[in-house]
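This report goes through selected features of one molecular structure. Please look at the sequence and the model first.

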Amino acid sequence: MKAKMRTKKIYTGFFLLLTVLIGTQLLAPVIAPHLDMRSLLAGAVAAVGLFLCFYLPDGRRKVIPFTLLAAAFVAGGFVSGWRRWLVGVLDYFKWLWRDTEPGALLPAENFEWAGVCLLGGVLIGIGLLLERFFLLKELSGFFLLCFMIYCLITEKEIHVVTVSLSIFFMLIVVVELGQENNKGNSKEGEKAGAGRIPGEFNNESGGGKKTTVYLLPFFLLYFIGLLIVPRKPEPYDWQFFKDIYQNIKTAAIIVAQNAEEVLFSGREGFGMAHTGFSGSGKLGNGVADRDREEMRLSLKQGMGMSVYLTGNVFDTFDGESWHESRVETADDHKMDLLETLYAIGRYDGVNIDNYLHAATVAITYTNLKTAYLFTPPKSLRFVFADRETEIIEQGGQWVFPKRKGYGTEYTVSYFQMNIRQPFFAEMLEQENRYRYGENSADYRTVLEPWVLEELPAGDFETALQKRGEEIRARYTQSPAASDAVVGLIATVTADGRTDYEKCKAIEQFLNGHGGVAFKYTTSPAAMPEGGQFPDFFLLESREGYCTYYATAFVLMVRELGIPARYVQGFCVADDNIGKEPISVRGNMAHAWPEVYFAGVGWIPFEPTPGFGTNRYQYWEPAWTYAEEETAAANSPSGPLVVETPPPAAVIPAVTVNEEKGPGFPYEPAAVISAVILAGALLAVFDVHKRRRHYARLSPEDKFKLLVSINLRILRACGYRMARGETLSELQERILAADDRFLLEFITGYEKMLYGRGVINRETVNEAAAERKALMNKIKESGKRHYYWVRFKLLGTGGVTYEYRVNIDKLC
Amino acid sequence: MTIEEIRQKAELIMTNTARVMVGNENTTKLLLCALCAGGNVLLEDVPGTGKTKLAKTLAASIGGAFARIQFTPDLLPSDLTGMNVYNRKENEFILRKGPVFTNILLADEINRATPRTQAGLLECMEERQVTIDGVRYELDRPFFVIATQNPVETAGTYPLPEAQLDRFMMKLSLGTPGKAEELAILERFMNIDDRNDPLASLTAVVSKEDIISLRQGIDQIYVHPVIREYIADLAAATRSSASVICGVSPRASLALLRSAKVYAALSGREYCLPDDIKALAVPVLAHRLLLNYGHQTGRENENKMREILTAVPAPTENFGERPANKK
């Protein structure tokens, strides 16, 4: 049984060693190999220690090799120069706490060796000490855990050796706790089985409590291995754990998503029907206002404006729902952006920054599972975390060939538009009148060099013209409108001189500024069977959510012969900006229209009441038009990709938080106090647990516990059992030598041990009383001795902790 | 018979014996222990220490028949067992029973008889029966032999061989009394008149049937497996000890176990303690050891046995683990 236990322990040790070695990826990259004689020597010493540890029969003797090892380590340190050693130790801690470079004061090698010497010695000492004070061991494990978590959270980088050792130690504690729990469970069975007397009758020690002793050589070997094995010189960056965490999370969510898909959804789409965004373009689907996080978004660069993410774009409306024709197009997005850039270049070649602002946004899908790629308008480039990702462009939308789910990660560079500024509208109106090929403005002189590089092959204007015709053909279709609707449109747009003004008028009308009230509701009245949507919405119900307004807008604009499209996606309001990563939730889904202005490109509108503030955000131009000339002379406008925040922006640009300078180490102080507090709580909890455990013990176990404490008290007083001595002989001997004691419990104990005596509550109480009496008598005979005895008892836990050690041994 | 009753009976016998014997309570207890355990006892001591007196006192305390044989070199087995004598009147052989047909037999100076006679007695001790002219006769129960021998004056004696020593459950000695005890003896036995002899006025306090039921009661005593293990350890230790030529036999271990049970019962305990074993190990085991040094005086054997006792760890709880490392 015992041999089995030992084998098991050895295997556990090996297993742990292996796990941690592999786990911390130490065998991976080889960057800075250095190996010297001392490390080999230390390895040999450790190996000998290991050998001795497992071949010496007595558990206590195992201490000797460790003591020798510790001495060797410390001595080795001193031999290599006590001064360097000392400085190295200081350096280690300095580096540990203050992030100075490892080996700033000394060459890295010495530094590490100082660490080995110090930690080797300290660890062995602590290990042996902890073997005696199990609670302390538990607490140390806990502290280490706290420290690691702290480091993980604050991303503090600590040396890989520290990390590995901490993990190793924690594993030991965990294994021991596990062992203990198992013992507790199987106790009953063992008791019923063998008629063996509780306790160990041979004089060999080594019960279940020596795990640390058993594992210490592994511990040391491992430590040395860490230093010998070639490794990266950088401190540990937690990447491994982050990766593990991320991988597990990804796997779990993907599984959950797939399960969800199988269980709840058979159709194309996302299994979600948001206020704006859904896989289908059906109107009046009803709204499931699911507030689930769909993706995460970080605005990496750009103005802190709302971010509209285009998901899918619809071109055809059949009176009830929108359809995408899913025609594959090449470079549609880029051409759109180039067209806009060209328009601005023609209009105001110098102050492009006033119209467009380069921005970058990073997007990570979380719960969303979709074939659609979400991108802000006027996007230029995508960079996918997974470089293999393929995307297909279909008109205004991007799709993945296969649906993507959790963990899909990409960044988009795009241009924010200053569409609220009057000069933008002016530019728009003027450039809308521009006819490609007619006015022969040479695009090569107007466009910036970097833009020129992006141009498609062939004549740019011809390509734009062709594209405009395609858009006109594709995005003007609409079901025949009734006379009433046509009349309404005519009334609303009566004052509009240009297409843009007409669109604005329609937008204003739908926003409720045209003398007719529109109501925003997520539960609009249902459209009667066979009814026409425009008639119903514009003339009758006049209520709905974004989908309704966007649809109405598109249909009205198309009625005027202007190309428009219906876009679904997410609208991330600007008040989220600065709290990156922003959680894009289901209730942020939105739908809006976009209108194509020939010569300028697609421009979004916001007919939904209440959403205008998100859409029409702006920044102050860097130069006013009055100053245009001087400004143009003074400042060249660089390439747009360069971030140049304007001085007086209404909306502040995103800034990166600066690192705080060094000051009082609040963080470590907070962590230390938190750890102390947690430790205290744990201790209290532990005491409580033990008390409860004691209360739950059977009288027999209680008695055993008390007796073992009593015997320990006696031992602390110097009365050890001689070899071959029986309990009653001991009793006699003590009674003969010391009249302070009564030792009646021994008789009861003998009865329990050798007879078939039943322990009842009275016996237990007697033993408990005797314990008190013993302590009192010791107290009377001398305070110092009393505290000494108390201290010795503390080692095994005093009253309430005792069971850990003794119940196990007894049973 | 309950344990308490056993203890009371033992108490009665002990107090009764103490009216005659001065001191030697422990020897009396051990003697009683052997009696109850169904063993026989070899009392070894110099003459005049009260061996015969002890045996007689014990016999008198128990309401059973008592016989005494003085062993001499010319003693024949038939002198012990009895023989068939031809009765001319009846014209047939009739059995004249020898002194072994009794309950308590005192075999005085057993080593003075020839091995042949010794063997005859040993058959009675072991088999509890006598065979005369091919006819088997059961001896009365209880049958208890107290043999005495003189460790000095060994000229013209036939020392008991090992095999025969092994038949004795215990070997006891009374030892010379201290001054106070000697004074007590002098006071107690100062009268010359036989009628004033305390032994003469002694009456039986228990019947021989009591002894039988006492033996049955003793089987209630619980012996924990570790106690048996301890006995086995001790036996093994005697066999493996360096200076011992021949260790104890399993018969000895069994004797130790049985006597320990009785010992516990006589102490009024329902279970055996390692202390019982330790108390009995010397009287039960020591005389069976064959040492490779010194004379077989018994003193050396006892010392050796004590040495073994301190070397073999007693079954206690973990408390005893530490001293092992002190060496």
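The sections below cover the basis of the model, two sheets, a helix, salt bridges and a surface patch.

## Basis of the model

This is a predicted model, in which local features need pLDDT of at least 70 and side-chain atom pairs count only at pLDDT 80 or more, while totals for chains, interfaces and linings use all residues. Residues are numbered from 1 along each chain as its sequence is written, chains are lettered from A and ligands numbered from 1 in the order in which they are written, and side-chain values use heavy atoms, with hydrogens and water left out.

## Two open sheets in chain A

Strands (E, at least two residues) and helices (H or I, at least four) are DSSP runs numbered from the N terminus. Two strands count as paired if DSSP finds at least two bridges between them. One open sheet of 4 strands in chain A follows the order β3-β14-β16-β17, with antiparallel pairing. β3 and β17 (601-604) of chain A are at the edges with a single partner strand each, so one side of each has no neighbour in the sheet. On average, neighbouring strands of this sheet are turned by 40° against each other, direction ignored; the axes are lines fitted to C-alpha atoms, for helices over the stretch in contact, and angles run from 0 to 180 degrees between N-to-C directions. Antiparallel pairing over 7 bridges links β3(A) with strand β14 (residues 564-572) of chain A. L309(A) has F570(A) in β14(A) as its bridge partner.

An open sheet of 3 strands, also antiparallel, has the order β7-β10-β9 in chain A. Its edge strands are β7 (370-373) and β9 (392-394) of chain A, each pairing on one side only. β9(A) runs antiparallel to strand β10 (residues 397-404) of chain A, and 3 bridges join the two. I392(A) is matched by the bridge partner V399(A) in β10(A).

## An enclosed helix

Helix α10 (residues 332-347) of chain A has 16 residues and spans 22 Å from first to last C-alpha, close to the expected 22 Å at 1.5 Å a residue. The expected span is 1.5 Å times one less than the number of residues. Of the 16 residues of α10(A), 14 are buried, so the helix is largely enclosed by the rest of the structure. Buried means under 20% relative accessible area, exposed over 50%, and partly exposed in between (1.4 Å probe, protein chains only).

## Salt bridges

A salt bridge is a side-chain nitrogen of Lys or Arg within 4 Å of a carboxyl oxygen of Asp or Glu. By this rule there are 27 over all chains. One of them joins R474(A) and D315(A) at 2.8 Å, N to O. R474(A) lies in helix α14 (residues 460-474) of chain A and D315(A) in the loop between β3 (307-314) and β4 (316-317) of chain A, so the pair ties together parts 159 residues apart in sequence. R474(A) is partly exposed at 21% relative accessibility, whereas D315(A) is buried at 2%.

E725(A) and R733(A) also form a salt bridge, at 2.7 Å from N to O. E725(A) is buried, with a relative accessible area of 9%, and R733(A) is partly exposed at 33%. In chain B, the side chains of E138(B) and R136(B) meet at 3.6 Å, N to O, and both residues are exposed.

## A nonpolar surface patch

L145(A), I149(A), L152(A) and I153(A) form a nonpolar surface patch with about 360 Å² of accessible area together. Patches are made of residues with over 30% relative accessible area and no salt bridge, with like charges joined within 9 Å and nonpolar side chains (Val, Leu, Ile, Met, Phe, Trp, Tyr) within 5 Å. Accessible areas come from the Shrake-Rupley method with a 1.4 Å probe, and for residues only the protein chains shown count as cover. I153(A) belongs to helix α6 (residues 134-154) of chain A and is exposed at 65% relative accessibility.
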